[in-house]
Amino acid sequence: MRNSTLQGTWPAYERMGVVNLSEGRFFTEEENTRCDRVCVIGLDVAETLFPTTTALNREVLIDNYPFQVI
């Protein structure tokens, strides 16, 4: 996928009210501490990568590393 932005953040980012999730959840402190490969993606990315199904629990590759969409 071209023209997308990747941004790292902390679990507290969701509590700041910057993001409203339409599906799924934000990652937890425990997932962050363990460096779990989980991610939250935007609607445009979800519709581009998974046009006919939900993105939840699917895998995306970021720099050739698999991440689970939560």
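The legends below describe close-up views of a predicted model.

**View 1. The sheet is open and has three strands in the order β1-β3-β2.**
Pairing within this sheet is mixed. β1 and β2 stand at the edges with a single partner strand each, so each has one side without a neighbour in the sheet. β1 (38–39) pairs with β3 in the parallel sense, over two bridges. Across this pairing, Cys39 stands opposite Val69 of β3. β2 and β3 run antiparallel and are joined by four bridges. In general, strands of a sheet pair through backbone hydrogen bonds, in either a parallel or an antiparallel sense.

**View 2. The hairpin of β2 and β3 has two residues between its strands.**
β2 covers residues 59–62 and β3 covers residues 65–69. Ile62 has Tyr65 in β3 as its bridge partner. Asp63 lies in the loop between the two strands, and so does Asn64, which is found in the loop between β2 and β3. Most residues other than glycine have a negative phi. Asp63, although not a glycine, has a positive phi of about 55°. Asn64 is not a glycine either, and its phi is positive at about 70°. Are these loop residues buried or exposed? Asp63 has a relative accessible area of 65%, over the 50% cut-off, and is therefore exposed. Asn64 is exposed as well, with a relative accessible area of 69%.

**View 3. Asn57 contacts residues of the sequence around Gln68 and Val69.**
Asn57 lies in the loop between α3 (43–49) and β2. Its relative accessible area is 58%, and Asn57 counts as exposed. Leaving out residues up to four places away in sequence, Asn57 touches Gln68 and Val69. The side chains of Asn57 and Gln68 are joined by a polar contact of 3.0 Å. Asn57 and Ile70 are 13 residues apart in sequence, and their C-alpha atoms are 5.8 Å apart in space.

**View 4. Tyr13, Phe26 and Phe27 are linked by ring pairs into a cluster.**
A search of the whole structure finds two aromatic pairs. In one of them, Tyr13 and Phe26 have ring centres 6.3 Å apart and planes at 25°, so the pair is stacked. This pair links distant parts of the chain: Tyr13 belongs to helix α1 (residues 12–15), while Phe26 is in the loop between α1 and α2 (29–33), 13 residues apart. Tyr13 is partly exposed, at 22% relative accessibility. Phe26 is buried, with a relative accessible area of 8%. The rings of Phe26 and Phe27 have centres 4.8 Å apart and planes at 20°, so this pair is also stacked. Phe27 is buried, with a relative accessible area of 16%. The angle of the planes and the distance of the centres together describe a pair of aromatic rings.

**View 5. Glu31 is a buried residue of helix α2.**
The relative accessible area of Glu31 is 9%, which is under 20%, so Glu31 counts as buried. Which backbone atom does the side chain of Glu31 reach? The side chain reaches the backbone nitrogen of Thr28, at 2.8 Å. Neighbours within four places in sequence aside, Glu31 is in contact with Arg25, Asp36, Val38 and Ile70. Ile70 is also the residue whose C-alpha lies 5.8 Å from that of Asn57, shown in View 3.

**View 6. The largest pocket holds about 990 Å³ of space.**
The lining of this pocket consists of 30 residues, and the closest to its centre are Leu6, Gln7, Cys39, Val40 and Ile62. Which elements each supply at least two residues of the lining? They are α2, β1, α3 and β2. The largest share, four residues, comes from β2. Two of the residues closest to the centre also appear in the strand pairings: Cys39 stands opposite Val69 in β3, and Ile62 has Tyr65 as its bridge partner. Rolling a probe the size of a water molecule over the atoms shows where empty space is left.

Notes
Residues numbered from 1 in each chain as written. Predicted model: local features only at pLDDT ≥ 70, side-chain atom pairs only at ≥ 80, totals over all residues. Heavy atoms only, no water. Buried < 20%, exposed > 50% of the residue type's maximum accessible area, 1.4 Å probe, protein only. Phe/Tyr/Trp six-rings, centres within 6.5 Å; stacked < 30°, edge-to-face > 60°. Contact = heavy atoms within 4.5 Å. Polar contact = N/O pair within 3.5 Å; in protein donor to acceptor, adjacent residues only side chain to side chain. Pairing = 2+ DSSP bridges. 1 Å grid on protein atoms, 1.4 Å probe; cavity = no way out; pocket = protein on both sides within 12 Å on 5 of 7 lines; lining within 4 Å. Points joined across faces, edges and corners; volume = space filled by probe spheres on them.
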